[in-house]
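This report describes one protein chain, part by part. Please look through the sequence and the structure below before reading on.

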Amino acid sequence: GADPSIDFASTSSGKIYASFILKVTDLSSMDSSDYFGILRDDTGNYVSRLFIGFIDDATFKIGISNSSTLTQETSSIYNQDDVLFVVMSYDLDADTVSAWVNPTLGGTEPTATLTEAAASTATNMVQFLFRQDNAGDTPGMTIDELRISTSWSDVAPSSGTVSTVDSEIKGFGVYPNPVKGNSLTVTTSSTEAKTVNIFNVLGRKVFSQRFSSMNKIMDISGISSGVYIMKVSEGNNIATKKLIIE
């Protein structure tokens with residue numbers, strides 16, 4: 001049981017949004033639907049709750065509710081290890097809760113995937129938190145790129161790192177990831193010369209290799225276990241990828 005939270009400037013009108021990239025990695029212990037993402041007001045009330053709608057050990061839905069009971073969920077079914085871009089919100093003027101799953105980035109706010117009237121009126125929104133309950137209620141998940149704002153364009157920008165698309169290099173792929181052995185394979189759709197650099201979290205380059213084939217098996221036995229950023233350059237195109245070495 002843990003509720004890591006982030007406070008933000010008190011917001012009393014308009015909408016407050018939270019967005020992040022979500023990958024559910026382990027549903028094996030989960031046995032019921034429950035909420036994990038929360039927007040909270042200054043009285044401590046959970047006024048908007050994002051749910052994992054449990055189906056079975058391999059599939060789920062995304063849900064939204066103004067209470068601890070799941071009331072709205074997607075018609076789409078998602079698989080464990082799918083990468084989803086999720087946005088949730090509370091509208092202080094209309095007193096509604098909403099959620100979007102893989103919305104179009106940039107531009108104006110699209111129609112919400114899910115929405116419903118709030119059970120009570122929130123006056124001031126002050127906090128976002130992730131709720132980790134017991135294993136039967138909260139699946140294993142990886143969450144990245146959390147953004148909180150009163151502006152749709154801030155939480156779903158048309159450029160930057162918020163994207164479930166890996167790169168601008170056609171056919172770019174890296175596997176396995178996480179790396180469990182001493183090698184990994186990088187692929188693209190072109191034989192154009194490309195350079196692969198791997199950086200640690202401090203920004204220090206720990207690996208570099210250049211090749212021209214469409215795929216290359218690389219020996220990374222000299223890199224310690226940890227989280228890294230891979231940067232691949234091919235002509236004028238650049239792709240980045242988070243890399244986990246176990």
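## Strand E11 and its partners

Arg40 has Gln127 in E11 as its bridge partner. This pair belongs to a predicted model, in which strand E3, residues 34-41, runs antiparallel to E11 and is joined to it by 5 bridges. Leu39 likewise has a residue of E11 opposite, namely Phe128.

E11 also takes part in a second antiparallel pairing, with strand E1 (residues 5-11), through 4 bridges. There, Thr11 faces Met125 of E11. Is strand E11, residues 125-130, enclosed or open to the outside? Of its 6 residues, 5 are buried, so the rest of the structure largely encloses E11. The cut-off behind this statement is a relative accessible area under 20%.

## The hairpin of E3 and E4

E3 is mostly covered, as 8 of its 8 residues are buried. Besides E11, strand E3 pairs with strand E4 (residues 46-54), again antiparallel, and here 6 bridges join the two. Gly37 stands opposite Leu50 of E4.

What do E3 and E4 form together? They make a hairpin with 4 residues between the strands. Gly44 lies in the turn and has a positive phi of about 95°.

## A sheet of three strands

Another part of the model is an open sheet of 3 strands in the order E13-E14-E17, with antiparallel pairing. Its edge strands are E13 (173-175) and E17 (215-219), each of which pairs on one side only. On average, neighbouring strands of this sheet are turned by 20° against each other, direction ignored.

E13 pairs with strand E14, residues 183-187, over 3 bridges in the antiparallel sense. Within this part of the chain, Tyr175 stands opposite Thr185 of E14. In a regular strand, side chains alternate between the two faces of the sheet.

## Two cis peptide bonds

Which kind of peptide bond leads from Tyr175 to Pro176? The bond is cis, with omega near -10°. Pro176 is located in the loop between E13 and E14.

A cis bond also leads from Asn177 to Pro178, where omega is near 15°. Pro178 too is found in the loop between E13 and E14.

## Positive phi outside glycine

Asn102 is not a glycine, yet its phi is positive, at about 55°. Its place is the loop between strand E9 (96-101) and strand E10 (114-117). With a relative accessibility of 40%, Asn102 counts as partly exposed.

Glu145 is a residue other than glycine that has a positive phi, near 60°. Where is Glu145 placed? Glu145 sits in strand E12, which covers residues 140-149. Its relative accessible area is 24%, so Glu145 is partly exposed. The lower and upper limits of that class are 20% and 50%.

## The chain as a whole

The protein chain holds 1 helix and 19 strands. Its C-alpha trace spans about 60 × 40 × 35 Å along the principal axes. Of the 246 residues in the chain, 43% are buried. Among contacts with a separation of 6 or more, 59% are between residues 24 or more positions apart.

About 11,800 Å² of the protein chain is exposed, and carbon and sulfur atoms supply 45% of this area. The chain has 17 positive and 28 negative charges, and the mean positions of the two sets are 13 Å apart.

How values were computed. Residues numbered from 1 in each chain as written. Predicted model: local features only at pLDDT ≥ 70, side-chain atom pairs only at ≥ 80, totals over all residues. Heavy atoms only, no water. Pairing = 2+ DSSP bridges. Axes fitted to C-alpha atoms, helices over the stretch in contact; angles between N-to-C directions. Buried < 20%, exposed > 50% of the residue type's maximum accessible area, 1.4 Å probe, protein only. Contact = heavy atoms within 4.5 Å. Areas by Shrake-Rupley, 256 points an atom, 1.4 Å probe, with all protein chains shown as cover. Lys, Arg positive; Asp, Glu negative; His and termini not counted. Charge placed at Lys NZ, Arg CZ, Asp CG, Glu CD.
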